[in-house]
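Colleague: I would like to go through this model by its contacts and sheets. Please take my questions in turn.

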Amino acid sequence: MTQTEENSMPMNEPPSSVAQIGIITKYEMRNYITARRFYLLLGIALAFSALFTFLIGHYGLPIGGGALGFYFEWWGGSAKYIIVFGAIVFGGDAISGEFQNKTGYFLVGNPIRRSSIYIGKYLAAVIASLIITGIYAVIMLLNEFYYYGTSIQWQFDQSFVFTLVFLISAMGLTFLFSSAFKTISYSILGAVVLFVGFDIIESLDSAFVHIEPWFLLTYGSEIVSDIFISPYPVHSTISDTGHILTTQMTMTTYNPTVPEGLAIMLAYFAVTSVLGLIIFARKEFN
Amino acid sequence: MKDLSIQAVNLTKKYGSFTAVDNLNLKIEGSKCVGFLGPNGAGKTTTLKIFTDMIFASSGSALINGVPVHSNKKEALKHCGSLIETPEIYPSFTPRVALSMIAEIRGIAASERKKRIEEAVSEVKMQEWMDKKVGKFSKGMKQRIDIASALLSEPDIVLLDEPTSGLDPRGSAEVRDIVKSLKKKDRLIFMSSHLLPEVSEVCDEVAVIDHGKLLVHDTLTNVTSKFSGGGSYTVVEVGFSRPVDNTNAISSIQSVISVEKIDSRNLRIKFSGGLQTQENLVSQLESMNLGMISLRAASSALEDSYLNLIKDTQ
């Protein structure tokens, strides 16, 4: 090394894109915590936990089913809502907020790929939701130990994994919405309408159309609760719901198999992630 | 001398039928400060946004140190700091946290990070606010932190979009001093501004754009001598508390080109030179004990040049 080189100021080389993803994730997590957003969702999860703990303590355990019935009622009935809340709270404005609030101007002009920003923010949202989902699971398991004194059933292990798959796909979907809109309210509203819309579409399909709703994310996520039913529910059942005027009405209830549910959720994750990344990479800060 | 350059090659940006930047060809090389001038909607910010990959060219390319910004952003921007409009920072962040994030993204070594952040914040006179949440800051305070962010990695090239916008007069003067100090450090500064005295004071060259087209890019001296109709000068209007009968003494002050009476107590003085000359002129007028009570800039050679250039494109 020459004397001149020794004396010169070292030039900054931006870290690898993978390292930059980690940096964005770290600071986004910090933003969630300092902006109290994290505590909002934690509060919702704790309120759900307190409600279930109170209801079980006051009205008793679910009749029949043992620990599996307990899991079905508590985890199967509510974990998906925690995930949906998390996706909306952390993911709803993750990208649209960068445009509307102009915080993106602070980041984008730096030597960092937009994909690193997107993935870093996505990971932060998933990790924050995961921490809260984990706390929610621990509270439920403490209740389960108290009432049943049993070890964790394998069905819960599987359901927890399915919940995580639902988390990454639901977050991918809200990030796609957030990427597609430049206005926070539209992106959040879009995500809320979509999740509510999924349930409505599934009900209408069940009553009138009678085709398996494999195209709905929430249908795929039903394996989170179905795994607690023993034996595992059959793929479809048709029930008579009576007459409307002279028309005989039937309801077809579909239940995804485990591979089917996983495939639907993973497909949502893959498609929404790719689309969200492409849209964000092409979006302009006008 | 480092090989610094920013270059627009046939750069065009269209929004539907509206052309914001129209086949712009501009090359700026070496360490200097170039003022980027033009009326509102001329395409200044659009051009700077293309250079920072915030928006994308419809055709043509923007190069920094010969590297295309859009296709190789990380490489192109690694030695380039920028301030485009007034970026917002997460309200829950303090300047220290926000700048730490930028320092890490830019690869400033952990051992240097604290020192660099403190130096950058000190340069924009925000030390007292280092650990306060940005959400409580005024626009001017945020602008100072944004400037600190642009300078944090000690970039060779600095792109500034109206850097004194939102700042009070003292803040504006401090930013001008920062730009001057960057020039001394052999940096290339490309700065858009509406404030022509500011450009006259700190820039070596000017590029004037209107309707997305480059009208002229040359040294300040060449532009003013070509387009103002008479070299580099400034015109000030000076008010006195009592009538000034004899203007010969004022005319004899070095650098004064002409003295014109507006009325018995107000004179229009044309002189060659910039702010330093103006400071000398004020001192001499005061020493003459004529009862000088006011002085305001009426126009400058750059202003006249600018108006002549823009007028031709209307």
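The exchange below covers a predicted model, taken by helix packing, chain contact, domains and sheets.

Colleague: In which relative direction do helix 4 of chain A and helix 9 of chain A run, parallel or antiparallel?
Modeller: Helix 4 (residues 66–91) of chain A and helix 9 (residues 184–209) of chain A have axes that come within 9 Å and cross at roughly 160°. Angles over 145 degrees count as roughly antiparallel. The two helices, helix 4 of chain A and helix 9 of chain A, are therefore roughly antiparallel.

Colleague: How many residues of the contact of helix 4 of chain A with helix 9 of chain A are nonpolar?
Modeller: The crossing of these two helices is right-handed. Helix 4 of chain A brings Val84(A), Ala87(A) and Ile88(A), and helix 9 of chain A brings Ile188(A), Ala191(A), Val192(A) and Phe195(A). No residue of this contact is polar and none is charged, which leaves the nonpolar class with seven.

Colleague: Which element gives the largest share of the side of chain A that touches chain B?
Modeller: The contact takes 27 residues from chain A and 31 residues from chain B. On the side of chain A, the elements that give two or more residues are helix 2 (17–34) and helix 6 (104–108) of chain A. By class, that side has 13 nonpolar, nine polar and five charged residues. The largest share, six residues, comes from helix 2 of chain A.

Colleague: Which element gives the most to the side of domain 1 of chain B that touches domain 2 of chain B?
Modeller: Chain B is divided into domain 1 (5–224) and domain 2 (228–313), and 16 residues of domain 1 of chain B are in contact with 15 residues of domain 2 of chain B. At least two residues each are supplied on the domain 1 side by helix 7 (196–202), strand 9 (205–210), strand 10 (213–219) and helix 8 (220–227) of chain B. The most, five residues, come from helix 7 of chain B.

Colleague: Which are the edge strands of the sheet in the order 2-1-4-5 (chain B)?
Modeller: Four strands form this open sheet, and the pairing is antiparallel. Within the sheet, eight bridges join strand 1 (residues 5–15) of chain B to strand 2 of chain B, with Leu11(B) having Leu24(B) as its bridge partner. The strands that pair on one side only are strand 2 (18–29) and strand 5 (67–68) of chain B.

Colleague: At what angle does helix 1 of chain B run to strand 1 of chain B?
Modeller: Helix 1 (residues 44–51) of chain B lies across strand 1, strand 2 and strand 4 (59–64) of chain B. Its direction relative to strand 1 of chain B is about 115°.

Colleague: What is the average twist in the sheet of order 6-7-8-3-9-10 (chain B)?
Modeller: Six strands form this open sheet, with mixed pairing. Strand 6 (80–83) and strand 10 of chain B are the edge strands. From one strand to the next the twist averages 15°.

Colleague: Which residue of strand 8 of chain B is the bridge partner of Leu160(B)?
Modeller: Strand 7 (residues 157–161) of chain B and strand 8 (residues 188–192) of chain B pair in the parallel sense over five bridges. The bridge partner of Leu160(B) in strand 8 of chain B is Met191(B).

Colleague: At what angle does helix 5 of chain B run to strand 6 of chain B?
Modeller: Helix 5 (residues 139–151) of chain B lies across strand 6 and strand 7 of chain B. The angle between helix 5 of chain B and strand 6 of chain B is about 165°.

Note on methods. Residues numbered from 1 in each chain as written. Chains lettered and ligands numbered in written order. Predicted model: local features only at pLDDT ≥ 70, side-chain atom pairs only at ≥ 80, totals over all residues. Axes fitted to C-alpha atoms, helices over the stretch in contact; angles between N-to-C directions. Parallel < 35°, antiparallel > 145°, perpendicular 65-115°, else oblique. Left-handed = near helix turned anticlockwise from the far one by under 90°. Contact = placed C-beta atoms within 7 Å. Nonpolar A, V, L, I, M, F, W, Y, C, P; charged D, E, K, R; others polar. Pairing = 2+ DSSP bridges. Domains from an automatic or database assignment.
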